[in-house]
Amino acid sequence: MPLGKQAAESDAAPAMAAGARLETMRRRVRLSRLVLFTAIAAGPAALGVAVLSGPTTVAAVPSDKPTAVRSAATADPAGYAQVFVDAWLRSSTDDANSAQARLAQSLAPDVDLPDPVASAHRVPAAVTAVRSAQREDGEWAVTVAAQYADGRLRYFVVPVTADASGASFAVTGAPGAVAGPARAAVGQSPYRVRVPSDGHLSSAVGEFFGAYLTGAGEVGRYLAPGVKLSPVSPAPYTAVAVQQVWGAEEAAAAAQVPANGTKVRVRVQVEARDDGGRWPLSYDIDLKARSGRWEVAALESGTVRDGGAR
């Protein structure tokens, strides 16, 4: 073979190899896009599978900015400690083969079971984790409350460790009896304006809660435009009466409904009745004035405003 031709082929070989690698990468990118678009069309579950199973040949680019990814090791082991304490309090060394004793020993093999006097062994009516604190990486102290049928309340602190992934826990010591958490100081309520019981606002919230809690009428007729809020179903009460309404703004106590768009926040105390008795309930809601009437703009549910925004 002529020397010139041999040299040309030698130079072409690396270029051909590089071209083949580039084409392979392009095919992978196209495949990844196809899988991702298909998953989006199929729904959230398929999208999660696509993200987890997609190609992993692309290397991350180093960045000077801190990564805002929460480590799984920060998972709170409160529920794990609660299950252990509940089983431990229901256990006895006299019956180490009982279901509760076996459960307690499976969660904490190195922790001894209690040895109560048989005649005085009172099991808790309910056990609830009330506080958890991370001491250091992977080490937690969980405070658990045990409530008994006679009204007694006892607190225990449980040491728990979590593995590096935060997916596994282990109780590392016996529970310790401790004093309960102190009662926190309560700040001044933002609801300081007394709303007349015979005013437009009190009537509006009374009709709304009648529909929301008893099914008497359609909830939608009491809602501001664009607000969606479903009634409690099945309706838990047969009657509801407004006991007191307090507002955060003076407009809530106005004798006449103010101008369109006026917003107020109120706390409503109602008395609900059913076949089992009467129940004092309290709600924080937002209302908005429109066309001479008050309409519900949002109902506070837990930590969110249900049905609308603040």
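Biologist: Where along the chain is Ser92 placed?

Modeller: This is a predicted model in which local features need pLDDT of at least 70 and side-chain atom pairs count only at pLDDT 80 or more, while totals for chains, interfaces and linings use all residues. Residues are numbered from 1 along each chain as its sequence is written, and side-chain values use heavy atoms, leaving out hydrogens and water. Helices (H or I, at least four residues) and strands (E, at least two) are DSSP runs, numbered from the N terminus. Ser92 belongs to the loop between helix 3 (78-89) and helix 4 (99-107).

Biologist: Does Ser92 count as buried or exposed?

Modeller: Buried means under 20% relative accessible area, exposed over 50%, and partly exposed in between (1.4 Å probe, protein chains only). Ser92 has 11% relative accessibility, so Ser92 counts as buried.

Biologist: Which residue has its backbone nitrogen 3.1 Å from a polar atom of the Ser92 side chain?

Modeller: Start from the side chain of Ser92 and look for a backbone nitrogen. At 3.1 Å from a polar atom of that side chain lies the backbone nitrogen of Asp94.

Biologist: Which element gives the most to the largest nonpolar core?

Modeller: A nonpolar core is a set of buried Ala, Val, Leu, Ile, Met, Phe, Trp, Tyr and Cys residues joined through side-chain atoms within 4.5 Å. Of the 32 residues in the largest one, Leu201, Phe208, Phe209, Val266, Ile285 and Leu287 touch the most other members. At least two residues each come from helix 5, strand 8 (263-274), strand 9 (277-290) and strand 10 (293-301). With eight residues, the element that gives the most to this core is helix 5.

Biologist: Which residues does Pro236 touch, not counting those up to four places away in sequence?

Modeller: Pro236 lies in the loop between helix 5 (200-214) and strand 7 (239-247), and is partly exposed with a relative accessible area of 33%. Contact means heavy atoms within 4.5 Å. Once residues up to four places away are set aside, Pro236 touches Leu213 and Asp274.

Biologist: Which peptide bond is cis, with omega near -5°?

Modeller: Look again at the loop between helix 5 and strand 7, where Pro234 is placed. The cis bond with omega near -5° is the one from Ser233 to Pro234.

Biologist: What is the phi of Ser291, which is not a glycine?

Modeller: Ser291 is found in the loop between strand 9 and strand 10. At 59% relative accessibility, Ser291 counts as exposed. Although Ser291 is not a glycine, its phi is positive, at about 55°.

Note on methods: A polar contact is a pair of N or O atoms within 3.5 Å; within protein, one must be able to donate a hydrogen and the other to accept it, and residues adjacent in sequence count only if both atoms are side-chain atoms.
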